[in-house]
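This report walks through selected features of one structure. Please keep the 3D view open while reading.

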Amino acid sequence: MGALSDITVIDLTASFWASAGTALLADFGADVMQVEEVKGGKKEERLPGWDLLARRNKRRAMVADDAGLRATIEEADVFATDLSFPELEARGLDYDTLAAGKAALIYACASGFGPEGSDRDLPALDELAAARTGMMPVLPQPGEPPVYTGAGQMYSSVMLALGVMLALHHLEETGEGQRVDVSLFSGNMYGASLDIQAYLAIGGERLLHPISRLDAGNPMSGPSYPSSDGRWVTLTMPDTDRYWPRFAPVVGLDPADPRFDTHDKRCEANRLELIQYLDGAFCRQPAVHWKQQIVELGLSGDVIEAYDYPANDEEARRNRYVIDVEGSDSIGLPIYMSETPAAMPAEARAVAR
Amino acid sequence: MNALSGIRVIDLTMWFQGPVAGQHLADFGAEVIHVERPQGGDLGRGVRSIKAVPVGDWNQYFLIINRNKKSLALDLNTDQGREVMYKLVAEADVFLTNLTSENLEKWQVTYDHLREINPRLVYAMCSGFGPFTKSTRPSFDLTVQALTGIMTRLGEPSQPPIYLGMGSGDAMGGLMAAYGIMVALHARRKTGRGQFLDASLYGAQLFLAAPTLQPYLATRDETYSKQQSRRNAPNPLSNTYPTRRDAPQERLEVGEGDDAGSEDDASRRNAPAGRLYDDGGGDKWLFVCMPNNQDAWAKLTTALYTPELAADPRFATPEGRAEHNAALIAALDTVFAKQTAAEWIYRFTAAGVVAAPINNLAEVAEDPQAWANNYFTKTHCDEVNRQVTVRGLPISLSKTPGSVRTLGPELGQHTEEILTETLGYTWDQVGELKEAGAIL
């Protein structure tokens, strides 16, 4: 039995991120009816494989008119949509209209910039939200173009599913439905939590601009170093005292070297000198050597891999993080549950209406 | 009433991934009890600097991800401490942890131990690599992100790999765990039983990489896994462009500018991306976000005042623009460099070109759109006895909204309250626990 098998969702989403959010509900057994509009509907460039993730485990329905759609929504527990606010209002699919017909409805809205404010009607594009979040100029090396990661929207996907579950919990306790709002902007901002919050609390120029990898705050936690075969190695040993006695010899240093024999010297007084030293040291051996040393000595760090790593990683398969869907590899099920596990994607079936 | 009123969560976590999962639940009204060792507590309390900048007079790192929580200082190395934990487990709905299995075994707080005490308990693990991975290697955010492959595909070719930002993977892991907990609580309603769940950092970060990892998995096409230069973006109409630097302008404060200024000023203030200023830190970039079609091309060339580009036969069709993308981007780079970002946004707004200035963290901090939706909020910080700005609620619920009621508690601030009021200990018993070193 799926954890959410008693929940029905009418899913009028078209964008990858919003549909991936409702797919998280479907993974746990919710009956998610993805509505495809006979006329028009939102168009989005869809990359290969996106639908395998965003539409899995859902049923599909064609709905001819909004009156029929409203009637269908009244029978459901949840209505999820990424249509723009003006369109929802124009079509009588806004919260007030639908809640008048069914007070217990959970109405989940996936927008670009949230329901309030003068920019609520801006297009829901992850690029616009990312540009606005403040992280793009910080990510590259100094002097390089700002970086768009594309990942910000995925926080919004999970927030959509989480918001629905929070509202469902309240519904079950009280019988009261409500409106849930998440946006690309809120997801991008949440993903940048620590950077944004650090700036809010501390301020200053350094946090606004890219920081060279040779100027990292902790030589042993955060920076990447190139190895002799051109692959990169990154280290994550924030509490350097714990690792230093084992790490120093690996890079050809005496743990008692007076330049680096305390955490404060490594991370403050002689921080830049240590980074320069490590940059030279890592260049002397290939990545496989560094990986071996990290594993054998119980250090923390790794070789920075490319997508072929998770694609071929047995642990990713064993944990169902990468699965086979309709003969193609796909991102799988990120949450394991012992009693009500997420289902393997079933072939979506078209339901004519 | 809060969405999660009546839900009690034991939050045996530290650093970021685990605590932020508890924070989501606490924001919506769950009673979240952050259990910390009496000696120093959560290691996140010890953060002294961020990117080599001292944290200042309040440690936002700890105080924000542990907001709305209670703190119970408990030594699980003692028999008495574990006994308190077991009593609390009997009264709890959720047990949340991101500690190592080694510690959980040592303290006898694994799922197998705790479900014997409370079969209705939802036990949420934020592991590094998943329940079917027998690995004891450390799982820091960055180390796991390095394995997902996303870092390698970002930035210009030949540039070093790029980390998505401090705690970016932990933030996703915590969000997944919070979602999993809510799903398990729903299931419990039907089955009457709790269960074990694991939302690992690896699984969460693979999901985070989905927009490009998923196409790669489906096709094995290296376009999705290798760095792609902006100079060769397949659609030049959806790309980043540097503009002319402006003289530094005075920063506009939130809420300022409501009075009617000049029409020009008003238009700029109403530009789609909010306030603009040049902080003197470098070129201001724009993100132009248009599809490669004839309508968008006409709008863009009109707004850019570039009849020569509009007339260039190489760029006359979508196919031509895609084929000659490098030449078109080079030409557009030259055009964009002639005006400031503010000027371009003004023109784009008039012409219907969708674009945004690429803002920095100072600008998002003042973005009225973020404030209007409570993505930022202000709250009192006891540590410094003043109002501070904190990130707000990324999920809005209309009838049971989340809130920031308190920032992170002092170590052990609620120990006595929990022991006496929740667990029914007498003050004498509390004294004995203190004597034994089981509590702070």
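## A three-stranded sheet in chain A

In this predicted model, strands E7, E8 and E9 of chain A form an open sheet in the order E7-E8-E9, with antiparallel pairing. Strand E7 (221-226) and strand E9 (301-303) of chain A are the edge strands, and each of them pairs on one side only. From one strand to the next, the twist averages 15°.

Helix H13 (residues 287-296) of chain A packs on this sheet. H13 touches E8 and E9 of chain A, and its direction makes about 155° with that of E9(A).

## Pairing inside the sheet

E7(A) and E8(A) pair in the antiparallel sense over four bridges. One pair to look up is A:Pro226 with its bridge partner in E8(A), A:Trp232. The two strands, E7(A) and E8(A), form a hairpin with five residues between them. In the turn, A:Gly230 has a positive phi of about 85°.

On the other pairing, strand E8 (residues 232-236) of chain A joins E9(A) in the antiparallel sense over three bridges. Here A:Val233 stands opposite A:Val303 in E9(A).

Is E7(A) enclosed or open? Five of the six residues of E7(A) are buried, so this strand is largely enclosed by the rest of the structure.

## Chain B reaches the sheet

Which helix of chain B lies across E7, E8 and E9 of chain A? The helix is H6 (residues 141-148) of chain B. H6 of chain B runs at about 155° to E8(A).

## The contact between the chains

The contact takes 123 residues from chain A and 123 residues from chain B. On the side of chain B that touches chain A, helix H7 (residues 168-191) of chain B gives the largest share, 17 residues. By class, that side of chain B has 76 nonpolar, 35 polar and twelve charged residues.

Strands also pair across the two chains. Strand E6 (residues 178-183) of chain A and strand E14 (residues 396-397) of chain B do so in the antiparallel sense, over two bridges. To find the spot, look for A:Val180, which stands opposite B:Leu397 in E14(B).

## Helix H7 of chain A

Helix H7 (residues 152-174) of chain A has 23 residues. From its first C-alpha to its last, H7(A) reaches 34 Å, close to the 33 Å expected at 1.5 Å a residue. How many residues of H7(A) are buried? The count is 19 of its 23 residues, so to speak of H7(A) as mostly covered is fair by the burial cut-off of 20 or more other C-beta atoms within 10 Å.

Just after H7(A) comes A:Gly175, which takes a positive phi of about 80°.

## Chain B as a whole

Chain B has 440 residues, of which 52% count as buried. Its secondary structure comes to 19 helices and 14 strands. Along its principal axes, the C-alpha trace of chain B spans about 85 × 55 × 45 Å.

Contacts in chain B often link distant parts of the sequence. Among those between residues at least 6 apart in sequence, 75% join residues at least 24 apart.

The domain assignment splits chain B into domain 1 (8-211 + 373-435) and domain 2 (230-360). The C-alpha centres of domain 1 and domain 2 of chain B lie 42 Å apart.

Conventions. Residues are numbered from 1 along each chain as its sequence is written. Chains are lettered from A and ligands numbered from 1 in the order in which they are written. This is a predicted model: local features need pLDDT of at least 70, side-chain atom pairs count only at pLDDT 80 or more; totals for chains, interfaces and linings use all residues. Two residues are in contact if their C-beta atoms, placed from the backbone, lie within 7 Å. Ala, Val, Leu, Ile, Met, Phe, Trp, Tyr, Cys and Pro count as nonpolar, Asp, Glu, Lys and Arg as charged, and the others, Gly among them, as polar. Two strands pair if DSSP finds at least two bridges between them. The expected span of a helix is 1.5 Å times one less than its number of residues. A residue is buried if 20 or more other C-beta atoms lie within 10 Å of its own, exposed if 12 or fewer, and partly exposed in between; C-beta atoms are placed from the backbone. Axes are lines fitted to C-alpha atoms, for helices over the stretch in contact, and angles run from 0 to 180 degrees between N-to-C directions. Domain bounds come from an automatic or database domain assignment.
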